[in-house]
Amino acid sequence: MATSFLILLFASILAYIEVTRLLKRKMKKEAWSFSILLLFSVSLAIAFVLDADIPNPLKLLTLIYQPLLS
């Protein structure tokens with residue numbers, strides 16, 4: 001639980017610094033992109049720390065390419 005809090009704290013500080021800098025330069029699209037990717041990565045990091053079942057993308061790739069291999 002403490003690790004999750006540290007991840008959120010670090011992400012909040014990082015978001016504040018970077019989004020502020022991007023908005024000063026009037027780069028709204030980049031600020032949105034950064035925010036969405038940061039939210040996704042923080043969600044994955046917290047799920048990993050809490051030992052949640054995270055789907056493996058390799059299974060999807062195997063399913064897609066399996067007909068080509070046989």
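These notebook entries record what I looked up in a predicted model.

**Entry 1: helix α3, length.** I began with helix α3, which covers residues 57–69. At 1.5 Å a residue, its 13 residues should span 18 Å. I found its end C-alpha atoms 18 Å apart, which agrees with that expectation.

**Entry 2: helix α3, start and bend.** I then looked at the N-terminal end of α3, where N56 acts as the cap. A side-chain oxygen of N56 lies 3.1 Å from the backbone nitrogen of L58. Further along, I noted a bend of about 35° at L63. A proline, P67, follows L63 within four residues.

**Entry 3: helix α3, exposure.** Is α3 largely in the open or buried? I found that the number of buried residues among its 13 is zero, so α3 lies largely in the open.

**Entry 4: Y65.** I selected Y65 as one residue of helix α3. Its relative accessible area is 46%, and Y65 is therefore partly exposed, since that class ends at 50%. I also checked Y65 against L23, which is 42 residues away along the chain. The C-alpha atoms of Y65 and L23 are separated by 42 Å.

**Entry 5: S4.** I turned next to S4, which is placed in helix α1, residues 2–24. Its relative accessibility is 8%, so S4 counts as buried; the cut-off for that class is under 20%. Which residues does S4 touch, not counting those up to four places away in sequence? I recorded I46, V49 and L50 as its contacts on that basis.

Notes
Residues numbered from 1 in each chain as written. Predicted model: local features only at pLDDT ≥ 70, side-chain atom pairs only at ≥ 80, totals over all residues. Heavy atoms only, no water. Helix = DSSP H or I, 4+ residues; strand = E, 2+ residues; numbered from the N terminus. Expected span 1.5 Å × (residues − 1). Bend = angle between axes of the 7 residues up to and from the residue. Buried < 20%, exposed > 50% of the residue type's maximum accessible area, 1.4 Å probe, protein only. Polar contact = N/O pair within 3.5 Å; in protein donor to acceptor, adjacent residues only side chain to side chain. Contact = heavy atoms within 4.5 Å.
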